Amino acid sequence: MPDATLDRARVAGAGVDATRLPGLLRATWLVAHKDLAIEFRTRTAFFSALVFALLGLSIFYFAWDPTAVAAIDLAPGVLWVIFTFSGLLGLQRSFGVEQADRAMDALLAAPVEREAIYLGKAAANFLFVAGVQVIAIPAVALFYNVPLGNIWLALAGIAVLAALGIVAVGTLFSAMAVNTRLAELLLPMLSLPFFVPIVMAAAQTTSRLLAGRPEAEAWPWLRILLGFDLVFVLACTIAFPYTLDE
Amino acid sequence: MEHGSELPVVEAEGLVRAFGGRRAVDGVSLTLRGGECLALFGPNGAGKTTVLRLLAGLLAPSAGSCLVGGVSLRADGGRAARSRVGLISHASMLYSALSARENVEFAANMYGVRRPVDAALRALQAMRVADRADSPVRALSRGLQQRVSIARAIVHEPQLLLCDEPYTGLDEAGSAALTEALGERRAHGAALLLVTHNLSEGLAVATHAAIMRRGRFVRFEERAQVDGASYASAYRELVTADA
């Protein structure tokens, strides 16, 4: 803020000092903390996503013919498809909590950068998705008898990158869809086409890791994941304030 | 008034807001100084709430300008100007899963209030709801929720309070607490814009009164110049004409 603006703010004698207004990081933390506190109290979205993930896994498992497709070929696809759809459940709720009683108005009236609202929501969504993954990934290993022993760290890294991409895009579309009458339909319709590169890259990288292929084979897919994250985290952060214009 | 009374708290000049081809607000200008209260009346769809949302920084004007405490709502993304505005509406704007205290503390933190825990408690005490501070908002009655919502709006001691039908859902004690809280804010130099359909309620606290119709002020006068009975009949004529 220019000095002159700050001086005028002080002279006018507001109840708060403009120099103490929360910066981007502080406001991001406040929004994320608030969203996680709400989820911790209700646990509805987390348990819904978790139950969905486990039920999905079971359905895939019972539909699977092990004599036709090897577990090592099927498991990566199942894992990331389940992960994507269960993540959507959390993303759906992200801006839903702001709609009830028009809490979004109070959030937008607060003297914080609009980008902080997006980043705070995305950070909470990331932890939400990561929480579901912590249970879903071992469950996939268990169902499909896939050994994760020496690749679990690499798999965790892929999961982090995939989760980043999904929440970056999904949080933006959740904000856009929430004010529409067909929000529950619109969010998947908008998001899923953008999730394709993430699911593809994550599944391909995972299958190469599980098959014990050379690392060099996984790098091109990993670069796609990294590139997607970089582009979409930046682009969605910049685009978010424009989604709020009425 | 403590300080800053010589500067208008809010100065809006030629505010216009169009949605598509329709002008919901069409050239509204107003100036309010510390301690003043404008009661804004008008039929549904007159543009009252849109004026409020423009002054709160929730909507960008299609044309015109607005300064709050001398700071433009367009400067620095409107942060400095928004920091001195409090917004009260008939919707509670609260998170039902969080407690009353958590809701108000969250607002205090978002406005950078010093010692947010103490400030939140003070605001809840002012609205006579401190005894339910740790109850989840969803467990409170509509009236108590509205009191918590008002505590949320005044926790940062705003210089401009924008109230859209704030008495909705309040019982007698809640109404008294609200009137007292608004009076206290005005005594400390805050200006108040009160949107209401209730003429007697609005005129009881106002220093100025205005009637909006089709996005414009069709009447704007000092309260002292307003005769309650003739004002009510003029208002009824306007509302009937738009019905």
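## Chain A: helices throughout

Let's start with chain A, which has nine helices and zero strands. Read along the sequence, its pattern is simply α-α-α-α-α-α-α-α-α. Along the principal axes, the C-alpha atoms of chain A fill a box of roughly 75 × 40 × 30 Å.

## How far to trust chain A

Keep in mind that this is a predicted model. For chain A the mean pLDDT is 87, with 92% of the residues reaching 70 or more. Which elements of chain A have the lowest and the highest mean pLDDT? Helix α1(A), residues 3–11, sits at the bottom with 38, while helix α2(A), residues 24–42, comes out on top with 95.

The start of the chain deserves some care. Over residues 1–14 of chain A the pLDDT is below 50, although this stretch has 32 contacts in the model beyond near neighbours in sequence. Where pLDDT is low, the predicted coordinates should not be read in detail.

## Chain B: the four-stranded sheet

Over in chain B there are sheets to look at. One is an open sheet of four strands, in the order β2-β1-β4-β5, with antiparallel pairing. At its edges are β2(B), residues 22–32, and β5(B), residues 71–72, each pairing on one side only. Strand β1(B), residues 10–19, runs antiparallel to β2(B) and is joined to it by eight bridges. To find your place in that pair, look for Val16(B), which stands opposite Asp26(B) in β2(B).

A helix packs on this sheet too: α1(B), residues 48–55, touches β1(B), β2(B) and β4(B), the last of these covering residues 63–68. The direction of α1(B) makes about 120° with that of β1(B).

## Chain B: the six-stranded sheet

There is also an open sheet of six strands in chain B, ordered β6-β7-β8-β3-β9-β10, and here the pairing is mixed. The edge strands are β6(B), residues 85–88, and β10(B), residues 216–222, and each pairs on one side only. From one strand to the next, the twist averages 15°.

Strand β9(B), residues 208–213, runs antiparallel to β10(B), with six bridges joining the two. In this pair, Ala209(B) stands opposite Glu221(B) of β10(B). Helix α1(B) turns up again here, lying across β3, β6, β7, β8 and β9 of chain B. Its direction runs at about 150° to β8(B), residues 191–195.

## Where the chains meet

How many residues does each chain bring to the contact? Chain B brings 45 and chain A brings 36. On the side of chain B that touches chain A, the elements giving two or more residues are α2(B), residues 79–82, along with β6(B) and α3(B). Of these, α3(B) gives the most, with five residues. By class, this side of chain B has 22 nonpolar, 15 polar and eight charged residues.

## A helix pair across the interface

Now zoom in on α2(A) and α3(B), residues 100–110 of chain B. These helices pack with their axes 10 Å apart, at an angle of about 165°. Why call them roughly antiparallel? The label fits because the angle is about 165°, and angles over 145 degrees count as roughly antiparallel. The crossing of α2(A) past α3(B) is left-handed.

From α2(A), the residues in this contact are Ala27(A), Leu30(A), Lys34(A) and Ala37(A). They meet Glu102(B), Phe106(B), Asn109(B) and Met110(B) in α3(B). Sorted by class, the residues of this contact come to five nonpolar, one polar and two charged.

Technical notes
Residues are numbered from 1 along each chain as its sequence is written. Chains are lettered from A and ligands numbered from 1 in the order in which they are written. This is a predicted model: local features need pLDDT of at least 70, side-chain atom pairs count only at pLDDT 80 or more; totals for chains, interfaces and linings use all residues. Two strands pair if DSSP finds at least two bridges between them. Two residues are in contact if their C-beta atoms, placed from the backbone, lie within 7 Å. Axes are lines fitted to C-alpha atoms, for helices over the stretch in contact, and angles run from 0 to 180 degrees between N-to-C directions. pLDDT is the predictor's confidence in each residue, from 0 to 100. Angles under 35 degrees count as roughly parallel, over 145 as roughly antiparallel, 65 to 115 as roughly perpendicular and the rest as oblique. A crossing is left-handed if the near helix is turned anticlockwise from the far one by less than a right angle, and right-handed if clockwise. Ala, Val, Leu, Ile, Met, Phe, Trp, Tyr, Cys and Pro count as nonpolar, Asp, Glu, Lys and Arg as charged, and the others, Gly among them, as polar.
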